[in-house]
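Please look over the sequence and the model below before reading on. The report that follows is meant to be read alongside them.

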Amino acid sequence: MIPANCKKATQALNYFARKKDGKINKMKAIKLVYLADRYHIRKYGRPIVGDIYMAMKYGPVGSMALNVADLDDSLDHVCTKYANAVIGHDKEDEKVRTIFSKKEVDLDVFSQSDLDAFEAVYKEFGGYDEFELAEITHKYPEWDKFRKEILEKGKKGEKMSYDDFFSDPKAEGRDFFELPQEHLEMSREAFEENAETVAALR
């Protein structure tokens, strides 16, 4: 059995690679996956990939998304085989900078709301490069709470909490993720109930 988060992370990266020319900058793809997770959890009460997010210098990074993009040795054999059949990467100076699609996206991995989130996020953010996206993600509370530790104290990463995804940035003006407070509270409750159910089944 291929872990669900491995499938979703792989196909999410594949989805964004397919949006333009079949390839995409790795950091940009990882940022788009995070933004889609942020959109979906706020609107529907669950993330798409369900990744473990770390706040790092260039913004939030999903651990599974990063490991899949790198085809990292930490992945188990089943996940590595699955990911390697779906995406590949070009290497420069021994670092993965670009990932490319090897086959069509397996849409069955996602719900319709997952796909709607991908489309909405790509429409809003697809025109930005990876460093612009990193700057954009720095304003959101789940990353911003670690700003001092990362940018001033030089910490490599801090684990982020999904609870903070429901908070709004301090900056005034329109925000893409803005929703009525009542909607956010309902989504938060749905997320918490789902988390309790998952914990009970373990």
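What follows describes one helix, two helix pairs and one serine in this predicted model.

**Helix α2**

Helix α2 covers residues 26-44, and because each residue should add 1.5 Å, its 19 residues are expected to span 27 Å, which agrees with the 27 Å that separates its end C-alpha atoms. Most of this helix is covered, with 17 of its 19 residues buried. At the N-terminal end of α2, N25 acts as a cap, placing a side-chain oxygen 2.9 Å from the backbone nitrogen of M27. Beyond the other end, α2 is followed by G45, a residue whose phi is positive, near 85 degrees.

**Two packings that involve α5**

Two packed helices are described by the angle between their axes and the distance between the axes. Helix α5, residues 112-125, packs with helix α1, residues 4-18, and the axes of α2 and α5 also approach one another, coming within 9 Å. The table sets out the values for each pair.

| Helix pair | Angle between axes | Axis distance |
|---|---|---|
| α1 and α5 | about 40 degrees | 11 Å apart |
| α2 and α5 | roughly 125 degrees | within 9 Å |

Angles that are neither under 35 degrees, nor over 145, nor from 65 to 115 count as oblique. With an angle of about 40 degrees, α1 and α5 are therefore oblique to each other; with a crossing at roughly 125 degrees, α2 and α5 are therefore oblique to each other too. The crossing of α1 and α5 is right-handed, and so is that of α2 and α5.

Which residues bring α1 and α5 together? On the α1 side they are K8, A12, Y15 and F16, and these meet D114, L115, F118, E119 and Y122 in α5. In the second pair, L32, L35, A36, Y39, H40 and Y44 of α2 meet a set of α5 residues that includes S113, A117, A120, V121 and F125. D114, F118 and Y122 of α5 take part in the meeting with α1, and D114, F118 and Y122 are also among the α5 residues that α2 meets.

**S101 in strand β5**

S101 belongs to strand β5, which covers residues 95-101. Is S101 buried or exposed? Its relative accessible area is 13%, and since buried means under 20%, S101 is counted as buried. The side chain of S101 makes a polar contact at 2.7 Å with the side chain of R18, and the S101 side chain also reaches the backbone oxygen of K103 at 2.9 Å. Apart from neighbours within four places in sequence, S101 is in contact with N14, A17, R18, G22 and V86.

How values were computed. Residues are numbered from 1 along each chain as its sequence is written. This is a predicted model: local features need pLDDT of at least 70, side-chain atom pairs count only at pLDDT 80 or more; totals for chains, interfaces and linings use all residues. Side-chain values use heavy atoms; hydrogens and water are left out. Helices (H or I, at least four residues) and strands (E, at least two) are DSSP runs, numbered from the N terminus. The expected span of a helix is 1.5 Å times one less than its number of residues. Buried means under 20% relative accessible area, exposed over 50%, partly exposed in between (1.4 Å probe, protein chains only). A polar contact is a pair of N or O atoms within 3.5 Å; within protein, one must be able to donate a hydrogen and the other to accept it, and residues adjacent in sequence count only if both atoms are side-chain atoms. Axes are lines fitted to C-alpha atoms, for helices over the stretch in contact, and angles run from 0 to 180 degrees between N-to-C directions. A crossing is left-handed if the near helix is turned anticlockwise from the far one by less than a right angle, and right-handed if clockwise. Contact means heavy atoms within 4.5 Å.
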